[in-house]
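Hi everyone, thanks for letting me have a few minutes today. Let me put my structure up on the screen, and then I'll talk you through it.

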There are 2 protein chains.
Amino acid sequence: MKIQELADKMGLTIHTIRFYEKEGLLDDRHVRRESNNYRNYSEEAIERLKLIKKFQSIGCSLAELKEVLQDHDSNAHTNLQIIDWIRGKKKEIESKKEEYDQMLDTLNKMLKYRTLLMNDPQKAQEMLMTWHASSSD
Amino acid sequence: MKIQELADKMGLTIHTIRFYEKEGLLDDRHVRRESNNYRNYSEEAIERLKLIKKFQSIGCSLAELKEVLQDHDSNAHTNLQIIDWIRGKKKEIESKKEEYDQMLDTLNKMLKYRTLLMNDPQKAQEMLMTWHASSSD
DNA sequence: GCTTGCCCTAGAGTTCACTTTATAGTTTAT
DNA sequence: ATAAACTATAAAGTGAACTCTAGGGCAAGC
């Protein structure tokens with residue numbers, strides 16, 4: 001598979017794919033060269049890019065990803081180290097989810113206030129008072 | 001309150017605070033100048049910075065934040081526009097939470113595999129097979 | 001009155017994750 | 001055979017959100 005085909009399949013640009021390779025996120029399990037020096041991608045490249053996207057979408061940096069993916073490949077780190085990383089990442093995600101829940105709370109309050117403001121400005125004003133009395137801006 | 005004190009209270013650097021001001025996230029409700037031109041921050045500055053952190057932690061850009069905070073202050077946008085923004089943001093957060101759930105799934109699989117690898121390499125190998133048969137890397 | 005430490009501005013530098021550009025070789029269609 | 005469409009490399013540019021530096025002013029202690 002040539003680079004443009006892969007790019008289309010993955011919804012990336014060819015530049016991005018070459019960039020990932022340069023950053024060490026793809027190795028010869030994913031890309032090889034044809035006699036004309038064109039890159040030729042294996043099916044594994046697709047899976048790798050999917051994995052990159054997945055991790056990236058939850059806030060892994062490419063540097064962090066490189067670490068994990070290299071662990072995945074070679075045995076640079078011990079199993080225990082990887083298990084630790086996974087546990088840490090799980091905690092991170094869980095606390096991020098909690099933050100999101102808090103934020104949803106805040107947004108719901110804002111929504112309630114703004115809706116009230118349209119229907120009953122008087123009551124909205126009252127709401128603002130009690131809000132300010134408790135905590136945030 | 002002088003800048004260093006605020007920075008310490010908020011866990012930011014003085015550079016970051018001045019940067020936020022330059023970006024228009026703080027106004028004269030939050031900062032004024034003393035006769036010597038030193039910045040003097042009100043208590044409201046603390047609430048404002050908390051709010052900035054809160055929104056930022058769930059992926060709002062400073063530009064976006066500026067919009068909302070200005071709405072919050074002046075009535076640059078209509079109530080309906082703000083309500084729309086809030087609704088959109090809520091959706092964003094909800095789908096982000098789903099992504100996080102998926103990621104937790106993946107991490108749990110990885111953890112299971114790595115744990116098995118330590119206790120029963122044979123079974124770990126089998127697990128890898130069924131995994132590869134289904135989908136991801 | 002001098003040192004130390006905090007304050008100011010303006011602007012340059014940094015990191016991340018791309019994105020674009022310049023230049024050139026290869027393949028394919030007409 | 002030539003144009004178009006694709007590939008390659010190397011390197012510069014971008015935007016976001018800081019972060020740091022240079023060069024200077026004020027303030028408090030000895």
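I'll start with one chain, then go to the pair, then to the DNA, and finish with a few residues I like.

Before anything else, please keep in mind that this is a predicted model.

Okay, chain A. It has six helices and two strands. If you read along the sequence, the pattern goes α-α-β-β-α-α-α-α. The chain is 137 residues, and 36% of them count as buried. Now look at which parts of the sequence touch each other. If you take the contacts in chain A with a separation of 6 or more, residues 24 or more positions apart make up 45% of them.

Next, the pair. How can chain B be laid on chain A? You turn by 179 degrees, with a shift of 0.0 Å along the axis, and the RMSD comes out at 0.5 Å. So the two copies are related as by a two-fold rotation axis. If you want to find that axis on the screen, look for Lys97(B): within chain B, its C-alpha is the one nearest the axis, at 3.3 Å. And both copies use the same surface, since 100% of the contact residues of chain B recur in chain A.

Now the DNA, beginning with strand C. There are 17 residues around it, and the ones that come nearest are Asn36(A), Gln56(A), Arg18(B), Arg33(B) and Arg39(B). Which part of the strand does the protein meet? Of the atoms of DNA strand C that come within 4 Å of the protein, sugar and phosphate account for 82%.

Let's zoom in on some phosphate oxygens of that strand. One is 2.6 Å from a polar side-chain atom of Arg33(B). Arg39(B) does it with its backbone: a polar backbone atom there is 2.6 Å from a phosphate oxygen. From the other chain, Thr16(A) has a side-chain N or O atom 3.4 Å from a phosphate oxygen of strand C.

Which elements build this surface? Two of them supply at least two residues each, namely α2 of chain A, residues 14–22, and α1 of chain B, residues 3–10. The one giving the most is α2(A), with four residues. By class, you get six nonpolar, seven polar and four charged residues near strand C.

Over to strand D. Here 17 residues surround the strand, and Arg18(A), Arg33(A), Arg39(A), Tyr38(B) and Gln56(B) come nearest. Sugar and phosphate make up 76% of the strand D atoms that come within 4 Å of the protein.

Again, let's look at phosphate oxygens. Arg33(A) has a polar side-chain atom 2.6 Å from one on strand D. For Arg39(A), a side-chain N or O atom is 2.5 Å from a phosphate oxygen. Chain B joins in through Tyr20(B), which puts a polar side-chain atom 2.9 Å from a phosphate oxygen of strand D. The elements giving two or more residues to this surface are α1 of chain A and α2 of chain B. What gives the most to the surface near strand D? That's α2(B), with four residues. The classes here are six nonpolar, seven polar and four charged.

Let me leave the DNA for a moment and show you one helix, α3 of chain B, residues 43–57. Its 15 residues reach 22 Å from the first C-alpha to the last, close to the 21 Å expected at 1.5 Å a residue. Its buried residues include Ile46(B), Leu49(B) and Phe55(B), and there's also an arginine among them, Arg48(B). After the helix comes Gly59(B), with a positive phi near 90 degrees.

Last stop, two single residues in chain A. His30(A) sits in the loop between α2 and β1. Is it buried or exposed? With a relative accessible area of 1%, His30(A) is under the 20% cut-off, so we call it buried. Leaving out residues up to four places away in sequence, His30(A) touches Asn40(A), Tyr41(A), Ser42(A), Glu44(A), Ala45(A) and Arg48(A). Its side chain also makes a polar contact of 3.5 Å with that of Arg29(A).

The other one is Thr106(A), in helix α5 of chain A, residues 79–119. Thr106(A) is buried too, at a relative accessible area of 10%. And its side chain reaches the other chain: a polar contact of 3.1 Å joins it to the side chain of Lys54(B).

That's my tour, thanks for listening!

Note on methods:
Residues are numbered from 1 along each chain as its sequence is written. Chains are lettered from A and ligands numbered from 1 in the order in which they are written. This is a predicted model: local features need pLDDT of at least 70, side-chain atom pairs count only at pLDDT 80 or more; totals for chains, interfaces and linings use all residues. Side-chain values use heavy atoms; hydrogens and water are left out. A residue is near a molecule or strand if one of its heavy atoms lies within 4 Å of it. A polar contact is a pair of N or O atoms within 3.5 Å; within protein, one must be able to donate a hydrogen and the other to accept it, and residues adjacent in sequence count only if both atoms are side-chain atoms. Ala, Val, Leu, Ile, Met, Phe, Trp, Tyr, Cys and Pro count as nonpolar, Asp, Glu, Lys and Arg as charged, and the others, Gly among them, as polar. The expected span of a helix is 1.5 Å times one less than its number of residues. Buried means under 20% relative accessible area, exposed over 50%, partly exposed in between (1.4 Å probe, protein chains only). Contact means heavy atoms within 4.5 Å. Copies are superposed by least squares on the C-alpha atoms of residues with pLDDT of at least 70 in both.
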